[in-house]
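Hi,

Here is the structure I promised to pass on. My notes on the ligand site and the aromatic residues follow below it.

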Amino acid sequence: MQLTLADLAATEALARRLAGLLRPGDTILLEGPLGAGKSALARALLRALTNDPALEVPSPTYTLVQAYQTPIGLVQHFDLWRLDGAADLAELGWDEGEAALVEWPDRLGALRPADALSITLQPLDGDARRAVLEGWEGRL
Ligand SMILES: Nc1ncnc2c1ncn2[C@@H]1O[C@H](COP(=O)(O)OP(=O)(O)O)[C@@H](O)[C@H]1O
Ligand SMILES: [Mg+2]
């Protein structure tokens with residue numbers, strides 16, 4: 001499925017719709033270059049999920065993971081850009097039992113969940129983004 005997101009508000013609207021579909025154990029893989037809007041999408045999704053529009057959602061660039069308590073249980077927000085190897089993932093609390101939003105999911109290697117929703121954000125002119133969604137057959 002391909003969408004054109006005209007601006008940040010459109011990305012946030014997509015994130016809110018995805019928040020309504022997210023269940024415990026789900027993984028959303030966020031792909032795309034630096035500045036594409038992966039963290040912005042995760043932030044809007046977590047704010048919708050917690051029903052807290054002011055929720056602080058920093059980019060987990062240095063901590064690699066940030067966990068959020070939500071009505072569907074713990075949701076982990078990963079930024080794996082600085083991950084050294086998939087072996088370090090267990091230490092970060094990578095656990096398929098919890099829902100996860102993952103930036104730079106190529107770092108997962110063989111641990112990449114086959115049943116994940118993958119969202120690739122591609123910058124277009126200005127604030128526009130192309131979003132390519134793959135996975136979650138029948139759920140979107
Ligand atoms: N359509 C859009 N979707 C997401 N972010 C957008 C959009 N238009 C502009 N932006 C801006 O682009 C930046 C994206 O940053 P960020 O989410 O940290 O990117 P990434 O996590 O992919 O590196 C933010 O400053 C955001 O406000
Ligand atoms: Mg980011």
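**Ligand site and aromatic contacts**

Helix 2 gives the most to the shell around ligand 1, with three residues; helices here are DSSP runs of H or I with at least four residues, strands are E runs of at least two, and both are numbered from the N terminus. Please keep in mind that this is a predicted model, where local features need pLDDT of at least 70 and side-chain atom pairs 80 or more, while totals for chains, interfaces and linings use all residues. Residues are numbered from 1 along each chain as written, chains are lettered from A and ligands numbered from 1 in the order written, and side-chain values use heavy atoms, without hydrogens or water.

Three polar contacts (N or O pairs within 3.5 Å) reach oxygen atoms of ligand 1: a backbone N or O atom of A36 at 3.2 Å, one of G37 at 2.9 Å, and a side-chain N or O atom of K38 at 2.7 Å. Alone, ligand 1 exposes 570 Å², and the protein buries 74% of that (Shrake-Rupley, 1.4 Å probe).

You may also like the aromatic pair of W81 and W104, which is tilted, with 4.6 Å between centres and 50° between planes (centres within 6.5 Å; under 30 degrees is stacked, over 60 edge-to-face, the rest tilted). W81 lies in the loop between strand 4 (73–79) and strand 5 (99–103) and W104 in the loop between strand 5 and strand 6 (117–123), so the pair ties together parts 23 residues apart in sequence.

Best wishes

Key:
A polar contact is a pair of N or O atoms within 3.5 Å; within protein, one must be able to donate a hydrogen and the other to accept it, and residues adjacent in sequence count only if both atoms are side-chain atoms. Rings of Phe, Tyr and Trp (its six-membered ring) pair if their centres lie within 6.5 Å; planes under 30 degrees apart count as stacked, over 60 as edge-to-face and the rest as tilted.
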